[in-house]
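Here's a walk through this complex, chain by chain and contact by contact. Keep the structure open beside you as you read.

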Amino acid sequence: MPRRNPLKSYVGRVPNPISPQTRAAHARIRGADVTVSVCPYCAVGCSQLIYSKDGKIVDIEGNYESPINGGTLCPKGAATFGLLQSPSRVTTVKYRAPYGDRWEERPLDWAMERIAQRLKETRDATYEETDPEGRTVNRTLGIGHFGGATLDNEENYLIKKLFTAGLGIVAVENQARI
Amino acid sequence: MSADGSAAPSHAAGTTGARPGAVGFLTDTTLCIGCKACEVACKQWNGLPMDDVGFTGFSYDNTVDLGATTWRHVAFVERAGDEAGVRATALAPFQSAWLMMSDVCKHCVHAGCLEACPTGAIIRTEFDTVVIQQDVCNGCGYCIPACPFGVPQLSATDRKAHKCTLCYDRLRDDLEPACAKACPTDSIQFGLIAELMPRATERVAALRERGVDGAYVYGDRAVGGTHGIDGLNAFFVLTAPPETYNLPAAPELPQDKTLPAFLSTAVAALGLCLAAVAALRGRR
Amino acid sequence: MADSDCVVIMGSNMAENHPVGFRFVMKAKERGATIIHVDPRFSRTSALADIHVPLRAGSDLVFLGALVNHVVLSERWGRDEFFQAYLRHYTNAATLVTSEYRDTEDLGGVFSGYDPDRRWYDPTSWRYAGQRGPSAGTGGHPSQDAMGRTEHVGQQGDIPHHDETLRDPTCVFQLLKRHFARYTPELVEDACGVPPELFLRVAEAILRNSARDRTTAFAYAVAWTQHTTGTQIIGCCALLQLLLGNIGRPGGGVLALRGHATIQGSTDIPTLYNLLPGYLPMPNATQRHGTLRDYLEQETPPKGALHALPSAVVSLLKAYYGDAATPENGFCYDLLPKIGADYSFQAMLLMMKDGAMKGLFCMGQNPAVGGQNAVLARQALANLDWLVVRDVHEIESAAFWYDAPEVRRGDVRPERIKTEVFFLPAALPGEKEGSFTNTQRLVQYHDKAIDPPGDCRSEAWFLDQLGTRLKRLYAGDTGPRGRQLAALTWDYPSQGATEDPDLDVVVREINGYTVADGRPVPGIHALADDGSTACGCWIYSGIMTEDGTNLARARRGDDRASLGWGFAWPANRRILYNRASADPSGRPWSERKRWVWWDAERGEWTGHDVPDFPRDKSPDYQPPPDATGLDAIAGDSPFINMADGKGWLFAASGLRDGPLPTHYEPIETPVANPLYPEQPHSPAAITFPRPDNRYHEMGDPRFPYVMTTYRLTEHHTAGGMSRWVPWLAELQPQGFVELSPELAAEHGIANGDWVTVSTLRGGVEARALVTPRLRPLSVGGKTVHQIGMPWHFGFGGIAQGGIANDLSALAEDPNSRIHQAKAFTCALRKGRLDEEGRGHR
């Protein structure tokens, strides 16, 4: 046993005063609402717990219960809170007019109506009831869709349903291809 | 035990001076995949801002070191080619050609920072961890040279000293620290030192059995044992000499080389007392 | 995967891209499994492997083919009754192929049936002997892509001819043996740059760990798919794993590691032009798909599980068109649009660039960075009339008109770009509910915690709103355009402050319900082809119980198959074809690898998993000659989606580029094809030769280096969800290229220097990361240097860098229409891009 400096040992163990902040310290998720979620990044499918208080997310962590990740996360999964709270996240509609040199702010409702109008215009101009050989096709090739593979299954279902079955847009693709 | 495993085990190997009930980290580098989940989980929980180091060209390490806003740091050491440029294809069973190690505050059994802190901001908690109390710290910076591992640093924003708290706030609610929880391969394990230290020595034995001859525990009493640190509450399973990971082979408390801070303070206090006594006497 | 005795990671950088999935590899390793990483680069995956095999990007199929050859020539494999029983009962090894079939070995690099003018195959000569008519499903004409879809052979009543001795020269086993005979360790050295002794070390490890009581798993990702021969590379691995008896058993398999949260789900419930939900082929005007009856006759196989296709199709039409869909009007089949050509991702870019496609929705994708030949992709976006981008950050695809490199340089001016751009901010998981399907087909639900900020909305909200508005705009239109929309069922109740559509109703529709009372159907078997059921995606049927419980929300895990956690389609099975985990008589192959087995006493299949087999079908069941559907599958035939119930070593139909995997060089390569010098590239590969998408000739001295692109742990795809997030941006803050010290020395490049990489498509600058983790390889006596470049970076966000896809070209696998980004050639020089943006000089 190496000789220990008794003085130092003593000093090291003298309890310094506990500050008010230290005394009050506790995990900020104490008493928070817990929601079960799934990591939005890769396809491993890690379960996450979202902690929120008063309509604000205060923390996102791995879910111990999951047979997949058992509470763990990778750096991207661990940054999910940072994604939701990203300082450069856009939360308003931006509009760029044809040949414009700047973004303009527009109300969401205005944008939705304008998009519906533009879609109708293009669909009407490019709709084919039959192909050049006279076969019924009921489609438009004038409009396309690139989807992300981080959209929900239900959303993908609605995309295919509305765009293809409802509007005849056949060029509907997503990142699974690329 | 020496880093290259050649020396006979020292009597201090596998033991620690940690108090009963102390908690800490076992960081097993042989399980680390260098994903940096620990860095992000730490920043996320502790609300730390990004560092703005930029591209370093130093392997995949772009946060460089522990600092005021980086409390977990993954070091990358590339050894894929030897000096002649020859690359091996058969690899030692665990991490040999690209070392990755998640570094963190060691929460020393005898902590230089704590001993150097003149304001009482740094405390040893009920979990035997070392925490800088932000509402006490005045940013004097004495703790910085006092740490043999270069852990605490002053923040450019609030000019106070910061380092890993071992998620003190989480421990108060029986939650494991954010980094250990996130670690996908359990390279970072949290628990009672009394359980982690035997696990580490067993792991080293198992690794040696599987041919990892260089495996050893860094942070038992053998490290700094003759210098009074008496063990680290955050210790590591390493496979290369400590210097490879930018860790001191024989960490020393600066207080061992100079007059201990306590003593100098005491001497100064004594001097003041004497002066006061002299002054009082002088009035008479 | 934790049950594996050997894990081969090839075409994937699993530790970096699926760190949490890699937990299971680490668990296997802790238990003593051998981990092998075959990859051009030494990555974080290699660091944890026992063996790293550096090979030339684009030569994977040679390596796999040589493993196949090594196995079939191995003495142990030939006499081990496990392998031989698995081979004879569970694969089509004994099936005879038509005598018209000719191999690439006979025809200098092409199979019989090749039409060089149209660059496609007539697969008629690849069919089984004794099979009448052309192979169903392909019809001698390129039809549906084979993506994820199993096609079928055999007309009703056809009994393929067999030779159980496997000696007939036209049997599948002899054909494959001959096909792979030249895939030797020496060829591996010549084509891959891998020394024979290293190859043999891998081959022996795999063989040693494949047996009655041992299993080897392969894990791959997009480094296999992103080649012009991607489907064949994966097919070759499946072939190898069938030979080794590693399919359908715990710790075995060919695991696809997918990169997006629900990339599996987005092919199951596809937003892909050529598929309807559940891998149903999209009706095609160039096929015999004119009426519903034609379509069903053409697409329904007489045998196997897919015989139930008409119920799926009719139920889908009922889900889409509701009451308007009646038996009398063919369930509105005429309203379903018909495709007639290729409208996949790359074709769409050209349609936009050339002005045929005028409007685009871009929802969670970033083609300005992630699209191949991204220079062309941005030109395509700039030629649209209008563009709707829905994302969380102002990604490059929204900002291209003022911030792209060509605009910053002044080559293109915003006032010349006509595109009307709408950026609509999107909600994220946590702010909306919905499900993801993970890489193992496991559907998991994420609940909503809070409302999204500001104008952020879910995609579901956007679509619901858009559909409602369009229905209003088209009200009274009685032409097909109006009828298509009017018939569409689109009345989802809304809920919450944001008025999102009620997804329980959508999930019920996906699951399927009885039209009469709206109650969820209990599973696929309950679907009918008479219009009495509606179902949005037949393979997901069973996800909602009859009392309306969404099983994607089930959250009871355990340490075995966790059948109580989420819902794995189909029917909650965790391992597909798991009948193969038992021997032909239904007993587990071994105690150690027990998974699903026949309980003779109770007369049913049972085990740790949901059996992927008719529950009461005895192992000795032999189908009568006129049996159809599942009844036509014998009790010892686990592959119930195939018409013959066998695992296919030889693909008698369904592939467009040959029935056996064959090595071809990438479209751009520094070396010749050592197997077929006259046929360097895949004869069926899809290319787009045009001035804005030029290719490099083989061995072009201006572009001597092999480029491969990849991802990093710290970022996600084209960066929209990572480069703007500070905690991720700081970890990999800038674009870089990795190159070997040897190559760096040739150009005088020091670590950290700026370098410029270029191709005939474009040039990009990046920082050099000089590392011995890359190494020059000796390929066919020639030194080949490889350069690696992460493709995450772009001109937006916090972490920025040159766009790797400005270098890549449009070129595709003919089956999946997935592009080639894992191997092409490039030039390299020290220094930054010049002012004109020129890369090479």
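Of the 178 residues of chain A, 56% count as buried. Keep in mind that this is a predicted model.

## Chain A

Chain A has six helices and eight strands, and from start to end they follow the pattern α-α-β-β-β-α-α-β-β-α-β-β-α-β. With a radius of gyration of 27 Å, well over the 16 Å that the globule rule gives for 178 residues, chain A is more spread out than a compact globule. Its C-alpha atoms fill a box of roughly 100 × 40 × 30 Å along the principal axes.

The chain is divided into domain 1 (30–87) and domain 2 (94–174). Between the C-alpha centres of these two domains of chain A there are 33 Å. If you look at contacts in chain A with a separation of 6 or more, 32% of them join residues 24 or more positions apart.

## How chains A and B meet chain C

Start with A and C: 103 residues of chain A are in contact with 130 residues of chain C. On the chain A side, helix α6 (residues 153–166) gives the most, with 13 residues. That side of chain A is made up of 50 nonpolar, 31 polar and 22 charged residues.

There's also a strand pairing between these two chains. Strand β4 (residues 94–96) of chain A pairs with strand β12 (residues 420–425) of chain C in the antiparallel sense, over three bridges. To find the spot, look for A:Tyr95, whose bridge partner in β12(C) is C:Phe422.

Now for B and C, where the contact takes 34 residues from chain B and 37 residues from chain C. Both α1 (37–46) and β3 (98–104) of chain B supply at least two residues of the side that touches chain C, and α1(B) gives the most, with five residues.

Here are the class counts for the sides that touch chain C, along with one side from inside chain C.

| Side | Nonpolar | Polar | Charged |
|---|---|---|---|
| Chain A, touching chain C | 50 residues | 31 residues | 22 residues |
| Chain B, touching chain C | 17 residues | 11 residues | six residues |
| Domain 1 of chain C, touching domain 4 of chain C | seven residues | 11 residues | five residues |

Which residues touch the most other members of the largest nonpolar core? They are B:Ala41, C:Val7 and C:Tyr220, in a core of 408 residues. Leaving aside neighbours within four places in sequence, B:Ala41 is in contact with A:Leu73 and A:Ala78 from chain A, and with B:Ala178, B:Cys179, B:Lys181 and B:Ala182 from chain B.

## Inside chain C

The domain assignment of chain C gives domain 1 (6–89 + 181–256), domain 2 (265–339 + 503–540), domain 3 (348–419) and domain 4 (686–830). The C-alpha centres of domains 1 and 4 of chain C lie 26 Å apart, and 23 residues of domain 1 of chain C are in contact with 28 residues of domain 4 of chain C. The elements giving two or more residues to the domain 1 side are α1 (14–17), α9 (185–192), α11 (222–225) and α12 (230–243) of chain C.

Is helix α23 of chain C enclosed or open? Seven of the nine residues of α23 (residues 503–511) of chain C are buried, so the helix is largely enclosed by the rest of the structure. Among those buried residues are C:Leu503, C:Val506, C:Arg508 and C:Glu509. Right after α23(C) comes C:Gly512, with a positive phi near 105°.

Next, a small sheet. Three strands of chain C form an open antiparallel sheet in the order β13-β14-β19. Strands β13 (434–437) and β19 (567–568) of chain C stand at the edges with a single partner strand each, so one side of each has no neighbour in the sheet. Two bridges join β14 (residues 442–446) of chain C to β19(C); C:Leu442 has C:Ala568 as its bridge partner in β19(C).

## Backbone spots to check

A cis peptide bond joins C:Trp569 and C:Pro570, with omega about -10°. C:Pro570 sits in the loop between β19 and β20 (596–599) of chain C.

Two serines are worth a look too. B:Ser59 has a positive phi near 50° and lies in the loop between α1 and β2 (72–78) of chain B. With 18 C-beta neighbours inside 10 Å, B:Ser59 counts as partly exposed. C:Ser562 has a positive phi near 50°, and its place is in the loop between β18 (533–534) and β19 of chain C. C:Ser562 counts as partly exposed, with 18 C-beta neighbours inside 10 Å.

Definitions and conventions
Residues are numbered from 1 along each chain as its sequence is written. Chains are lettered from A and ligands numbered from 1 in the order in which they are written. This is a predicted model: local features need pLDDT of at least 70, side-chain atom pairs count only at pLDDT 80 or more; totals for chains, interfaces and linings use all residues. Two residues are in contact if their C-beta atoms, placed from the backbone, lie within 7 Å. Helices (H or I, at least four residues) and strands (E, at least two) are DSSP runs, numbered from the N terminus. Ala, Val, Leu, Ile, Met, Phe, Trp, Tyr, Cys and Pro count as nonpolar, Asp, Glu, Lys and Arg as charged, and the others, Gly among them, as polar. Two strands pair if DSSP finds at least two bridges between them. A nonpolar core is a set of buried Ala, Val, Leu, Ile, Met, Phe, Trp, Tyr and Cys residues joined through C-beta atoms within 7 Å. A residue is buried if 20 or more other C-beta atoms lie within 10 Å of its own, exposed if 12 or fewer, and partly exposed in between; C-beta atoms are placed from the backbone. Domain bounds come from an automatic or database domain assignment. The radius of gyration is taken over C-alpha atoms; the globule rule is 2.2 Å times the number of residues to the power 0.38.
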